[in-house]
Amino acid sequence: MARAISWTGQALLYALFALIIGYFSSSPPYRHLPSDQALIKLSFSHQGKLIAECRQRTPEELAKLAPNMRTPLDCQRERSPVTVEIDLDGTPAYRHVARPSGLSRDGASTVYHRFTLPSGGHRLAIRLNDDARAAGFNYRREEMVSLKPGKVLVIDFNAESGGIILQ
């Protein structure tokens, strides 16, 4: 008898747990954006250019090095920070300088930022500099974008694919 009560109690608790899970799997409804808003996500990881040019070692310098260290070029590992600027409808909306990762500052710079804005047409201007030795910006993209309500526009960067990518 005690075993039947135990089994019944356990079955009731499992049923209650399943009902709670079932309710919260569909309720309350979730909306990630209001119905008249759109989202722009800036998200990329990129290695900036080397901070300094490689230099040729002299024969005297090479002779002083151990045989396994005798490479003709001396290159610093440090990378340039990546600077990103975004203007929305002619107004500066975001500026960020992403430092390179790693102990020697030789890794990728990572950028992630979200903009929530009204849906509709917007003038988007993106500028990126990945070379500390260059003045100004290496990459630019200016475009009129039409953002539908509840949609997400992703700004990515890939130097091999032409630079700034809108998806």
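**View 1. A partly exposed cysteine and its disulfide partner.** At 33% relative accessibility, C54 counts as partly exposed in this predicted model, because the partly exposed class runs between 20% and 50%. C75 is partly exposed too, with a relative accessible area of 35%. The two cysteines form a disulfide with their sulfur atoms 1.9 Å apart, and the structure holds one such bond. If you like torsions, here is one: about the S-S bond of C54 and C75 the value is about 120 degrees, so the disulfide is right-handed. C54 sits in the loop between strand 1 and strand 2 (55-56), and C75 in the loop between strand 3 (73-74) and strand 4, so the pair ties together parts that are 21 residues apart in sequence.

**View 2. Inside the largest nonpolar core.** Welcome to a set of 24 residues, in which I40, I86, L124 and I155 have the most contacts. Among the elements that give two or more residues to this core are strand 1 (37-46), strand 7 (120-129) and strand 9 (152-158). Zoom in on I40: leaving aside neighbours within four places in sequence, its contacts include L88, F115, L124, L147 and I155.

**View 3. An open sheet of four strands.** The strand order is 6-1-9-10, with mixed pairing. Strand 6 and strand 10 stand at the edges with a single partner strand each, so one side of each is left without a neighbour in the sheet. On average, neighbouring strands here are turned by 15 degrees against each other, direction ignored.

**View 4. Where strand 9 meets strand 10.** These two strands run antiparallel and are joined by four bridges. Look for I155, which stands opposite L166 in strand 10; I155 is also one of the residues with the most contacts inside the largest nonpolar core.

Technical notes
Residues numbered from 1 in each chain as written. Predicted model: local features only at pLDDT ≥ 70, side-chain atom pairs only at ≥ 80, totals over all residues. Heavy atoms only, no water. Core = buried A, V, L, I, M, F, W, Y, C linked by side-chain atoms within 4.5 Å. Buried < 20%, exposed > 50% of the residue type's maximum accessible area, 1.4 Å probe, protein only. Contact = heavy atoms within 4.5 Å. Disulfide = S-S within 2.5 Å. Pairing = 2+ DSSP bridges. Axes fitted to C-alpha atoms, helices over the stretch in contact; angles between N-to-C directions.
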